Structures are given as structure tokens and as C-alpha cells.
Amino acid sequence: MIVNSLYIASWAVAVVVLLLLFFAAKKKVGFGTRVLIAMVLGVVVGAVFGKEATDLGTIGSIYVNLIKMIVMPLVIATIISSITSVSDPNMLRKIGTKTIALFLITTGIAAAIGVVVAVIIDPGAGIPYVQDAKFAAREIPSFLKVFMDLVPANPVNEMATGKVVPVIVFAMFVAVAITIEGNRKPESVRPIKEVIQSFAVVMFRVTKLIIRLTPYGVFGLMAAMAAKYGLASLLPMGKVVIAVYIACLLHFVLTYGFLVTFVARVNPLRFLKKIYPVLAVAFTTRSSYATLPVNLEVITKRLKVSDRIASFVAPLGATINMNGCGGLYPAIVAIFVAKVFGIDLTITHYLLIVGSAMIASVGVAGVPGPASISTTVVLASVGLPIEGMAMVLGIDAILDMARTAINATGTTVSSLVVAVTEKEFDREAFNNEADEELENYDVSSRKGGSKTVVAG
């Protein structure tokens with residue numbers, strides 16, 4: 001009876017919090033502020049009611065499902081519209097090369113930071129290996145299988161099963177075909193280009209409606225997280241959690257801070273303030289795909305990057321930019337496993353960890369559970385026991401929040417850097433204009449291609 005009373009009370013409090021967030025929106029409280037309030041209240045409610053508040057995660061799950069609903073059509077619309085807006089194939093190739101190079105370099109740096117942090121903190125010290133009966137080692141896909149998984153056999157089926165990479169490949173083929181035909185017979189492809197532009201406008205309107213629900217979804221996700229994980233489950237693996245979060249913080253400050261300050265030449269504090277919604281959504285949803293719609297809006301509306309750059313870099317980043325999941329995390333887990341099993345690592349091993357992390361971050365882009373697969377590849381490449389990874393799975397959700405926030409931020413930073421080098425960054429607007437509210441997005445401003453920008 002007491003349990004039922006607490007369960008009912010948790011839902012009653014949740015309703016009150018949701019109403020509070022609703023009235024805060026009516027009172028024009030800022031989007032970022034409402035998300036922060038939702039995060040704090042979610043943690044408090046989850047901690048107070050414990051396991052009786054676990055079902056509040058349903059609120060967050062509904063939000064995440066709605067976000068997932070729009071990812072595929074949004075990716076198709078943004079990829080095709082961005083590529084068809086570039087009339088020069090050489091420019092498209094240049095943008096793609098810069099983007100992928102940034103993703104690989106920053107992932108390598110992240111892995112190196114993970115190695116350094118893990119060596120210093122030594123998260124596996126004093127922890128004996130405990131076999132988890134439920135653990136099943138992930139099979140490392142062969143190169144040919146990975147390659148084949150990236151090639152769309154049935155675009156409709158790929159969309160239905162959530163395989164984003166093949167959908168991106170399909171959209172790129174369509175976009176390139178439209179561009180080629182457009183150069184030969186502009187009139188023949190004008191109707192399809194207009195349809196795609198209209199479709200993109202509609203999808204951004206749908207995105208706007210769903211993004212408005214972010215504070216409510218964040219509250220449900222954080223309440224369930226706080227209810228499910230307590231200090232008791234964190235203490236034995238506390239060093240691993242600390243190592244991952246310190247590595248994420250260092251990568252955020254050092255790598256992203258350097259790129260923003262010295263390459264993009266913008267105020268890092270102003271940049272951080274503008275991208276806060278991306279961090280909040282990525283941290284709570286633990287999904288780069290779920291963060292994609294918010295990331296696109298932040299990049300274009302707050303960072304003042306052109307639609308053309310944002311629409312190309314952001315969807316690609318949500319797929320292969322894995323600074324957290326494919327860079328620093330596998331490196332830390334590898335050193336943790338080596339310590340637990342009493343295996344000494346050399347400089348050669350550390351270099352191999354960094355190199356394999358960079359390769360794996362792209363190679364497993366089309367495989368579900370990229371963090372686990374990347375870690376499996378890294379462990380196997382260094383000759384470490386793969387079953388040791390089972391020890392960190394119990395705290396994976398907590399680690400995944402930081403990993404995803406780093407991934408999403410990396411996509412945002414890469415978009416800014418590419419835009420600056422391509423002179424498609426409106427520096428004056430970035431420095432002088434007030435931050436726009438994400439849910440008041442004027443989709444009509446996106447119609448017809450890129451914004452008017454000034455040299456970066």
C-alpha cells in the first residue's frame with residue numbers, strides 16, 4: 001500500500017512539474033532555462049521517490065520516439081536540399097573532405113586524451129574481474145560486412161529499420177543525380193527541387209513542434225535515470241565514471257576550445273552559451289540522432305552558419321562523429337580492462353588504441369550500438385579480453401550521457417569551423433544578435449537555400 005501511495009505521489013508531483021514547465025513557457029521563460037529547470041527537478045523527483053519514479057521515464061520515451069520519428073525524413077530533406085544548393089561539385093568535395101577530416105582528427109585527439117586520463121587515474125586499480133552471466137560479447141563485423149551495411153539495398157527498408165548511413169548514401173545519390181540533370185536541363189528537375197524544398201519547410205515545422213516538448217521529455221528522462229541509478233551502484237565503478245567525465249571535460253575545453261577560439265576565432269563563452277540546448281538534449285536523450293533537429297537549429301539560428309553547411313555537416317556528424325563513443329570511451333575501457341586482468345601496456349599499445357579508435361569510429365558507423373562495437377574493436381586490436389567490457393555495462397547509461405554530449409558538441413564545432421573556412425559564417429550576427437528561441441523558428445527563412453552571409 002505504501003508502494004502504491006508513493007507511486008501515485010510520484011505521478012502527482014510529475015504532473016505539477018509539467019504544469020510548472022508549461023506555465024513557464026507561457027511566461028516566456030527562456031528555452032535553455034526551462035530545460036535546466038527540468039533537468040534539476042527530474043533528478044530531485046527521481047532521487048526522492050526512488051524506484052517508484054522509474055515509470056516517469058515514459059514521458060521521456062514518448063519525447064525520444066517523436067524525435068526519432070522525424071530523423072529519417074529530416075535527414076533526407078536536409079541532405080538533398082544542401083547538396084542540390086551547391087552547383088559546384090568541387091566545392092561539395094572540398095566541404096566533405098574537411099568535415100570527415102575534422103571528425104577523424106578530433107576522434108584521435110579524444111582517444112589520446114582518454115589514454116592519458118586513464119593512465120593517470122588508473123580506474124581498474126584494485127578491482128577484481130567479476131564474470132557477468134548476462135554478458136554476450138559483441139561480434140566484430142568484418143570489413144566487407146561493414147562496407148556492405150553502408151550500401152543501401154532497399155532504401156525504404158533501411159529507413160524502417162533505422163539505418164541512417166544507407167539512407168544518407170541514398171539521399172546523396174539522389175541529390176547528385178538532381179545536380180547533374182540540373183546542369184544539363186534545369187527545367188526538368190525544377191519541380192522535384194521545389195517539392196524537396198517544400199518538404200524541408202514542412203519537416204522543419206514538424207521539428208519546431210516537437211522541440212517545444214524538450215523540457216517535458218528531459219524531466220521524464222532525468223527522473224527515470226535518478227530513480228534507477230543510485231550511489232550504491234556507482235561506488236565500485238566510480239573511478240571509471242570520473243575518468244570518462246574528466247576526459248570529456250578536457251576534450252571539450254582543450255580540443256573544442258582550441259578550434260572555437262583559434263580556428264573559428266569566436267568567443268568560447270559566447271559559443272558555449274549559444275549551444276547549451278544541444279548539450280542539454282544530448283546529455284538527457286543519450287542519442288546523437290535525437291539531438292540532430294536541435295543541433296541543426298542551433299547551428300543555423302544561433303551560430304549563424306549557413307543552411308548549406310549545417311545541412312551537410314550535422315546529419316553526417318550524427319552518424320560518424322564519435323569523439324565520445326568511438327574515441328575517449330574505448331581508450332579508457334581498454335586501459336581499465338588491461339589493469340583488471342593484470343596486462344601491462346606499452347607505448348605501442350597506446351598508439352594502437354588511438355589508431356584503432358579512429359578507424360573504428362567510422363567503420364562501425366552503420367552498426368547499432370556504436371560505443372560497444374568501437375570498444376570491442378579496440379580491445380580486440382590490442383589483444384585484450386573482450387569480456388572485460390561487461391564490467392562497465394552496468395554504468396553505461398551514466399557514461400553515455402557524457403559521451404553523447406561530446407559527440408553532439410563535436411558536430412556543432414565542426415560545422416562552425418567548416419563554415420568559417422568556407423566563408424559561410426555570419427560573424428557579425430553571431431557577435432551582435434540576441435539568441436533566438438528554438439521553438440519560435442521561422443521556417444520560411446530556410447526556403448530557397450543558403451542565407452546571406454559575410455566572410456568568416
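Is Glu187 buried or exposed? Select Glu187 in this predicted model to begin the tour. Glu187 counts as exposed, because its relative accessibility is 54% and the cut-off for exposed is over 50%.

**Stop 1: a pair within helix 8**

Keep Glu187 selected and add Arg190. Their side chains meet in a salt bridge, with 2.8 Å from N to O. Both residues belong to helix 8, which covers residues 186-211. They stand 3 residues apart, about one turn of the helix. Arg190 has 40% relative accessibility and counts as partly exposed.

**Stop 2: Glu424 and Arg308**

The structure holds 7 salt bridges, and another of them joins the side chains of Glu424 and Arg308, at 2.4 Å from N to O. This pair links distant parts of the chain, with the two positions 116 residues apart. Glu424 is in the loop between helix 18 and helix 19, while Arg308 is in helix 14. Colour both by accessibility if your viewer allows it: Glu424 is buried, and Arg308 is buried as well.

Now select Lys94, Lys98 and Glu422. Salt bridges that share partners join these residues into one network.

**Stop 3: Lys94 and Glu422**

Within that network, zoom in on Lys94 and Glu422. Their side chains meet in a salt bridge of 3.9 Å, N to O. Here too the pair links distant parts of the chain: Lys94 sits in helix 4, Glu422 sits in the loop between helix 18 and helix 19, and they are 328 residues apart.

How do the two ends of this bridge stand, buried or partly exposed? Lys94 has a relative accessible area of 43%, so it is partly exposed. Glu422 has 11% relative accessibility and therefore counts as buried, the cut-off being under 20%.

**Stop 4: Lys423 and Asp122**

Move to Lys423, which is found in the loop between helix 18 and helix 19. Check its backbone: phi is positive, about 60°, although Lys423 is not a glycine. Most residues other than glycine have a negative phi. Lys423 counts as exposed, at 51% relative accessibility.

Next select Asp122, in the loop between helix 4 (89-121) and helix 5 (143-150). Asp122 is not a glycine either, and its phi is positive, about 55°. The relative accessible area of Asp122 is 22%, which means that it is partly exposed.

**Stop 5: Arg427**

Go to Arg427, in helix 19, which spans residues 427-432. Which side chain of opposite charge is nearest to Arg427? It is that of Asp426, 8.4 Å away. Arg427 is buried yet has no salt bridge. Add Ala264 to the selection and show backbone atoms. The backbone oxygen of Ala264 lies 3.0 Å from a polar atom of the Arg427 side chain.

**Stop 6: the cavities**

How many cavities of 30 Å³ or more are there? The count comes to 2. For the largest cavity, which holds about 50 Å³ of space, select Ser288, Thr291, Leu292, Asn295, Ala314, Gly317, Ala318, Asn407, Ala408 and Thr411; these residues line it. Helix 13 (288-302), helix 14 (307-320) and helix 18 (396-421) are the elements that give two or more residues to this lining. The largest share, 4 residues, comes from helix 13. By type, the lining divides into 4 nonpolar residues, 6 polar residues and no charged ones.

**Stop 7: two pairs of C-alpha atoms**

Show C-alpha atoms for the final stop and select Lys228 and Glu52. These residues are 176 apart along the chain, and their C-alpha atoms are separated by 9.4 Å. Lys228 lies in helix 9, residues 214-228. At 60% relative accessibility, Lys228 counts as exposed.

Finish with Ile180 and Thr84. They are 96 residues apart along the chain, with 9.3 Å between their C-alpha atoms. Ile180 has its place in helix 7, residues 164-184. With a relative accessible area of 41%, Ile180 is partly exposed.

Conventions:
Residues are numbered from 1 along each chain as its sequence is written. This is a predicted model: local features need pLDDT of at least 70, side-chain atom pairs count only at pLDDT 80 or more; totals for chains, interfaces and linings use all residues. Side-chain values use heavy atoms; hydrogens and water are left out. On a 1 Å grid over the protein atoms alone, a cavity is a set of points where a 1.4 Å probe fits but cannot get out, and a pocket is an open set with protein on both sides within 12 Å along at least five of seven lines; lining residues have an atom within 4 Å of a point. Grid points are joined across faces, edges and corners, and a volume is the space filled by probe spheres set on the points. Ala, Val, Leu, Ile, Met, Phe, Trp, Tyr, Cys and Pro count as nonpolar, Asp, Glu, Lys and Arg as charged, and the others, Gly among them, as polar. Buried means under 20% relative accessible area, exposed over 50%, partly exposed in between (1.4 Å probe, protein chains only). Lys and Arg count as positive and Asp and Glu as negative; His and the chain ends are not counted. A salt bridge is a side-chain nitrogen of Lys or Arg within 4 Å of a carboxyl oxygen of Asp or Glu. A polar contact is a pair of N or O atoms within 3.5 Å; within protein, one must be able to donate a hydrogen and the other to accept it, and residues adjacent in sequence count only if both atoms are side-chain atoms.
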